[in-house]
Amino acid sequence: MAFMANAVPNFPKPDNSPFVSFAKETEGRKLLKKEIAYLRHPALTPPTLPLWINGPVEKSKTRQCIVPHDHSHLLGHYSVASEEDVHKAIQTVLDARDKWMQMPWFWRLNIFRKAAELLEKKYLYEMVA
């Protein structure tokens, strides 16, 4: 959706997301099981998640991320932040806040609408799995 800075934006009234059933024998259940099987495949190398401080920051110190109800299942590894990383992250957020607040409200709204659309359609089963 393109916006002009001097135009008054007109957004459609938001609707609820369509209901996706995960009941037995439904298409939603089949797609979810397929995604879970993919994520649990033994050949899939568990990812190492970087910190995200104005872009990815990979650290040598990592810890395991395990499934809370199955401690034998490794989801991946996450990077451990240092005190310096925390201060950098806070400063990055404070700097971004100023830019965000200067952006017109309807542009900010559109960012959230797009994120919601991606979660609702493209990444639904991956996020649920």
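This is a tour of selected residues, to be followed with the structure open in a viewer. Keep in mind throughout that the model is predicted.

**Stop one: aromatic pairs**

Begin with the rings, of which a search of the whole structure finds four aromatic pairs. Select phenylalanine 22 together with tyrosine 125: the two form an edge-to-face pair, with 6.3 Å from centre to centre and 85 degrees between the planes. Because phenylalanine 22 lies in the segment before α1 (27-39) while tyrosine 125 belongs to helix α4 (residues 124-128), this pair ties together parts that are 103 residues apart in sequence. Phenylalanine 22 itself counts as partly exposed, at 27% relative accessibility.

Next select tryptophan 105 and phenylalanine 106, another of the aromatic pairs, which is edge-to-face with 5.6 Å centre to centre and 85 degrees between the planes. Phenylalanine 106 has a relative accessibility of 7% and therefore counts as buried. If you now add Trp107 to the selection, you will have Trp105, Phe106 and Trp107 on display, and these form one aromatic cluster.

**Stop two: arginine 108 in helix α3**

Move on to arginine 108, which is placed in helix α3 (residues 105-120). Which side chain of opposite charge is nearest to arginine 108, and how far away is it? The nearest one is aspartate 98, at 11 Å, and arginine 108 has no salt bridge although it is buried. To see what the side chain of arginine 108 does reach, show the backbone of tryptophan 100, whose oxygen lies at 3.5 Å from it.

**Stop three: the salt bridges**

Side chains of opposite charge can pair when their charged atoms come close. The structure holds three salt bridges, which can be visited in turn.

Start with lysine 30 and glutamate 27, whose closest N and O atoms are 3.8 Å apart in a salt bridge. Both residues are in helix α1 and stand three residues apart, so about one helical turn separates them. Lysine 30 is exposed, its relative accessible area being 53%.

Then select aspartate 85 and lysine 59, where the side chains meet in a salt bridge with an N to O distance of 3.0 Å. This pair links distant parts of the chain, as aspartate 85 is in helix α2 (residues 83-102) and lysine 59 is in the loop between β3 and β4 (62-67), 26 residues apart. Are the two partners buried or exposed? Aspartate 85 counts as buried, at 5% relative accessibility, whereas lysine 59 is partly exposed, with a relative accessible area of 28%.

For the remaining salt bridge, return to helix α3 and select glutamate 117 with lysine 114, for which the closest N and O atoms are 3.9 Å apart. These residues, too, are three apart within helix α3, and about one helical turn therefore lies between them. Glutamate 117 is partly exposed, with a relative accessible area of 35%, and lysine 114 is likewise partly exposed, with 43%.

**Stop four: a nonpolar surface patch**

Switch to a surface view and colour Leu118, Leu119, Tyr123 and Met127, which form a nonpolar patch on the surface with about 360 Å² of accessible area together. One of these, methionine 127, is in helix α4, and at 56% relative accessibility methionine 127 counts as exposed.

**Stop five: positive phi angles**

Return to a backbone view and select glutamate 25, which has a positive phi of about 70 degrees although it is not a glycine. Glutamate 25 is located in the segment before α1 and is exposed, with a relative accessible area of 77%.

Asparagine 54 is the next residue to select, since here too phi is positive in a residue other than glycine, with a value near 60 degrees. Asparagine 54 sits in the loop between β2 (51-52) and β3 (56-57), and its relative accessible area of 71% makes it exposed.

**Last stop: from valine 93 to tryptophan 107**

Finish by selecting valine 93, which is in helix α2 and counts as exposed at 55% relative accessibility. Draw a C-alpha to C-alpha distance from valine 93 to tryptophan 107: the two are 19 Å apart in space and 14 residues apart in sequence. Tryptophan 107 will be familiar from the opening stop, as a member of the aromatic cluster with Trp105 and Phe106.

Key:
Residues numbered from 1 in each chain as written. Predicted model: local features only at pLDDT ≥ 70, side-chain atom pairs only at ≥ 80, totals over all residues. Heavy atoms only, no water. Phe/Tyr/Trp six-rings, centres within 6.5 Å; stacked < 30°, edge-to-face > 60°. Helix = DSSP H or I, 4+ residues; strand = E, 2+ residues; numbered from the N terminus. Buried < 20%, exposed > 50% of the residue type's maximum accessible area, 1.4 Å probe, protein only. Patch = residues over 30% accessible without salt bridge, like charges linked within 9 Å, V, L, I, M, F, W, Y side chains within 5 Å. Areas by Shrake-Rupley, 256 points an atom, 1.4 Å probe, with all protein chains shown as cover. Salt bridge = Lys/Arg side-chain N within 4 Å of Asp/Glu carboxyl O. Lys, Arg positive; Asp, Glu negative; His and termini not counted. Polar contact = N/O pair within 3.5 Å; in protein donor to acceptor, adjacent residues only side chain to side chain.
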